[in-house]
Amino acid sequence: VQPNNYSTFYDDQRQNWSIMFESEKAAMDFSKQVCIAKCNSSPVFDSVLYQDLLLGEGQGAEGGDSLEVAYTGWLFQNNGIGQVFDSNVNKDKLLRLKLGSGKVIKGWEEGMMGMKKGGRRCLIIPPALAYGTQGVAGRVPPDSTLVFEVEVRRVKLVKEGSGSDGQSVSSRDSLAPSPVPNSDGLSAD
């Protein structure tokens with residue numbers, strides 16, 4: 001997903017393609033369908049699948065950061081988006097959550113990492129990372145796969161020294177893991 005209604009991707013031969021969509025909505029709808037296609041083509045579906053719909057701006061959210069989120073949740077039915085079971089989009093209150101606090105389903109915790117203010121993402125969450133074999137009475141049947149569209153409206157980053165357990169929390173730049181493995185982490189093959 002790129003700014004100004006562009007998306008880029010690599011095909012199976014590693015050829016790079018770009019698509020420009022006529023509207024933001026068309027770009028987001030296409031990206032949502034990409035996420036659904038990833039789910040339907042997964043031989044084993046045991047982790048959260050996500051697809052950015054809009055990137056947002058600023059720093060990506062990490063564990064300990066607080067977010068205010070607008071969302072809609074659907075049941076994944078007949079290999080696609082089914083019935084809505086929850087939404088706060090047309091309500092006055094946003095959902096407030098702290099990443100890593102365990103107050104929301106595990107699939108949200110995983111799927112929202114790295115999101116930025118103004119960002120939107122499609123999440124497809126397997127039952128084990130959602131409501132499992134219990135479901136939610138009257139709303140989510142047992143063993144349901146869920147689809148969410150989440151939009152981060154506000155991000156409050158953890159500040160240095162403000163750990164809730166009294167321990168200091170390091171700033172973003174110091175101990176952030178590098179995306180490139182260091183030399184002692186490389187295997188012989």
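Visitor: Which residue of β8 stands opposite Thr-72, and how should such a pairing be read?

Guide: Two strands pair if DSSP finds at least two bridges between them, strands being DSSP runs of E of at least two residues and helices runs of H or I of at least four, numbered from the N terminus. Here Thr-72 stands opposite Glu-149 in β8, and strand β4 (residues 66-77) pairs with strand β8 (residues 146-156) in the antiparallel sense over ten bridges. This is a predicted model, in which local features need pLDDT of at least 70 and side-chain atom pairs count only at pLDDT 80 or more, while totals for chains, interfaces and linings use all residues. Residues are numbered from 1 along each chain as its sequence is written, and side-chain values use heavy atoms, with hydrogens and water left out.

Visitor: Which strand do six bridges join to β8?

Guide: That strand is β7 (residues 120-125), which runs antiparallel to β8, with Ile-125 opposite Leu-146.

Visitor: How many residues does the largest nonpolar core have?

Guide: In soluble globular proteins, nonpolar side chains tend to be buried together. A nonpolar core is a set of buried Ala, Val, Leu, Ile, Met, Phe, Trp, Tyr and Cys residues joined through side-chain atoms within 4.5 Å, where buried means under 20% relative accessible area, with a 1.4 Å probe and protein chains only. The largest one has 23 residues, and those with the most contacts inside it are Trp-108, Met-112, Ile-125, Phe-148 and Val-150; β4, β7 and β8 are the elements giving two or more residues to this core. A second, separate core of eleven residues includes Trp-74 and Cys-122.

How values were computed: Buried < 20%, exposed > 50% of the residue type's maximum accessible area, 1.4 Å probe, protein only.
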